[in-house]
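Colleague: I should like to go over the pockets of this model with you. Could you take me through them?

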Amino acid sequence: MDTPTRPVSPLRQRMLDDMRMRKLTPKTQSAYIRAVCRFTRYLGRAPDTATVEDLRNYQLHLVDTGTSPMSLNAAISGLKFFFDITLQRGELMARMQPVRLPQRLPVVLSREEVARLIAACNNLKHQTALSLAYATGLRASEVVSLKVSDVDSGRMTLRVEQGKGRKDRYAMLSPLLLERLRVWWRVARAQGKMLDGGWLFPGLNPIESLSPRQLNRAVQAAALAAGIDKRVSMHTLRHCFATHLLEQKVDIRIIQALLGHKKLDTTVIYTQVATDLLREVVSPLEMLQPA
């Protein structure tokens, strides 16, 4: 027996249309709808009847119930879209303010730890994907979105289409990475796992790409096998890429471009974790002459 589908309310449909008009990603659309649904449950009535005080009290409720700063800001973003765009009543958000996120330094592995991590990965596809992430600084979502045609061995570049912020850019392709990609390509083709013009890292079904979640599980399993007790994810390899380049004296603006950062301020954080640079600084104490 088929389960009856609940009809979509006109208000929800209008919000969905507003998001579709602006071509928001499916992930963002789901997050915004979820934020409004949670607020509606708290309010106990239709969200378009909310007042400034209702919204202020809701933020206090989120804070008092232990909602993390990131989740709180995500809720505010969804509600802001709903009230600003869908209802065109942005003034109702006047007393809801995003909170400052605590700034934490990224976890960075040493070069020796990165080598151990990649070597501990016992799946060639995953091992090659991890090598690519470290060699290029790409995000997990960008790694799994690569197609075979994005590899340009003539120009020694990787084309990243519609990365974060919906921007295209090029990543560098080192000779060693190219050789590892060719080994993976030959094996995958021989096993029928890679289609012509298909994904560079296909999933179990070659029509679909590997997912970022699968890659994160692979890197965590490799960290465990390698005896690395730091918090490791695919994004850790991106941090390692930037930090190790900085320690090699690569200009920080070049690193910014390779990472696809819009602002230099985002890249500057790696100066705080580049320990090789710190070791080159002479402490003022060392400059003191003995009496």
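Modeller: Certainly. This is a predicted model. In its largest pocket, α2 gives the largest share of the lining, with 6 residues.

Colleague: What volume does the largest pocket have?

Modeller: The volume of the largest pocket is about 2,100 Å³.

Colleague: And which residues are the closest to its centre?

Modeller: They are M70, R139, K164, H235 and R238, out of the 46 residues that line the largest pocket.

Colleague: Which elements give two or more residues to that lining?

Modeller: The helices are α2 (26-43), α4 (69-86), α7 (140-144), α9 (212-225), α10 (234-247) and α12 (264-268), and the strand β2 (157-163) contributes as well.

Colleague: How does the lining of the largest pocket divide by class?

Modeller: The lining of the largest pocket has 18 polar, 16 nonpolar and 12 charged residues.

Colleague: Let us change topic. How much space lies in the second largest pocket?

Modeller: The second largest pocket holds about 360 Å³. It is lined by 13 residues, of which S9, R12, V36, C37 and T40 are the closest to its centre.

Colleague: Which elements each supply at least two residues there?

Modeller: Both α1 (10-21) and α2 do so for the second largest pocket. The largest share of that lining comes from α2, with 4 residues. Helix α2 also gives the largest share in the largest pocket.

Colleague: And what is the make-up of this second lining by class?

Modeller: In the second largest pocket, 9 lining residues are nonpolar, 2 are polar and 2 are charged.

Terms used: Residues are numbered from 1 along each chain as its sequence is written. This is a predicted model: local features need pLDDT of at least 70, side-chain atom pairs count only at pLDDT 80 or more; totals for chains, interfaces and linings use all residues. Side-chain values use heavy atoms; hydrogens and water are left out. On a 1 Å grid over the protein atoms alone, a cavity is a set of points where a 1.4 Å probe fits but cannot get out, and a pocket is an open set with protein on both sides within 12 Å along at least five of seven lines; lining residues have an atom within 4 Å of a point. Grid points are joined across faces, edges and corners, and a volume is the space filled by probe spheres set on the points. Ala, Val, Leu, Ile, Met, Phe, Trp, Tyr, Cys and Pro count as nonpolar, Asp, Glu, Lys and Arg as charged, and the others, Gly among them, as polar.
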